[in-house]
Amino acid sequence: MHIVSIFMKKIIYNKFEKKEIAQLPQVQFNGRIVVIISPGETKKAVDFLLSQPILGIDTETRPSFKKGVVHQVALLQVAAKNICFLFRLNYTGMTADIIRLLEDKTVPKVGLSLHDDFSSLHRNEPMFTPGAFIDLQDHMRELGIEDLSLQKLYANIFGQKISKSQQLSNWEADVLSEKQKVYAATDAWACINLYREYLRLIQTHDYQLVIVPEPSTT
């Protein structure tokens, strides 16, 4: 009976090869996506989000292909379980309600490599202080995972592929494409799923870490 329980544990890897991700089934957010483009819309959206038990968060910035040119954050995506709000910061600016969301200390907000997001957002609004945020990278290390990008984490934990095809698209476009909206929402929503599964694994110890051998140099 003890042997059976071991084999039923979830297998996770300390490292996950990028080439293996292409073979996995694709996953994407299938809930409602709400695009916020005017400052006046932000209060109602933030009020709703702060009524939720947990949020996933991410940002998108127009890519720069010139050395030394850095753009401000164009999109702040914040997801609950079945809905994601896309705040188009290049239209709304950093309103008082968006800052209220970011500084809130009551609702946990899960993201990935949050230091980078905060550094970028501080180019938009230097005077806000981040509130209740949870960085997935800090917690996934506790499981022994070393490859900590969102795509590799999701493939490792759930055996599913998150497409990154829209990552370098124009996030300041007049109108976001459907592919851009789904991409952005998926990244924020995926953070919630990963954190909930992390909590389950930590509490139940229902996983087995496999150490991937280093490639031979001979």
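Visitor: Let me pin down a term: strands count as paired once DSSP finds at least two bridges between them. Which residue of β4 is the bridge partner of Thr59?
Guide: Leu76. Bear in mind that this is a predicted model.

Visitor: And in which sense do β3 and β4 pair?
Guide: Antiparallel, over six bridges. β3 covers residues 55–61 and β4 covers residues 73–79.

Visitor: What's the strand order in the sheet?
Guide: β2-β5-β4-β3-β6-β7. The sheet is open, has six strands and shows mixed pairing.

Visitor: Which are the edge strands?
Guide: β2 (32–36) and β7 (133–135). Each has pairing on one side only.

Visitor: By how many degrees are neighbouring strands turned against each other?
Guide: 25 degrees on average, with direction ignored.

Visitor: Now helices. Which strands does α3 lie across?
Guide: β2, β3, β4 and β5. Helix α3 is residues 42–49, and its direction is at about 145 degrees to β5 (83–88).

Visitor: What about α6: which strands does that helix touch?
Guide: β3, β4, β6 (109–111) and β7. Helix α6, residues 114–124, packs on the sheet and makes about 130 degrees with β7.

Visitor: Switching to α9. What span should its 27 residues have?
Guide: 39 Å, because each residue counts for 1.5 Å, taken times one less than the number of residues. The end C-alpha atoms, for residues 178–204, are 38 Å apart, which agrees.

Visitor: Is α9 mostly covered or uncovered?
Guide: Mostly covered: 19 of the 27 residues are buried.

Visitor: What follows α9?
Guide: His205, with a positive phi near 55 degrees.

Technical notes: Residues are numbered from 1 along each chain as its sequence is written. This is a predicted model: local features need pLDDT of at least 70, side-chain atom pairs count only at pLDDT 80 or more; totals for chains, interfaces and linings use all residues. Side-chain values use heavy atoms; hydrogens and water are left out. Helices (H or I, at least four residues) and strands (E, at least two) are DSSP runs, numbered from the N terminus. Buried means under 20% relative accessible area, exposed over 50%, partly exposed in between (1.4 Å probe, protein chains only). Axes are lines fitted to C-alpha atoms, for helices over the stretch in contact, and angles run from 0 to 180 degrees between N-to-C directions. Contact means heavy atoms within 4.5 Å.
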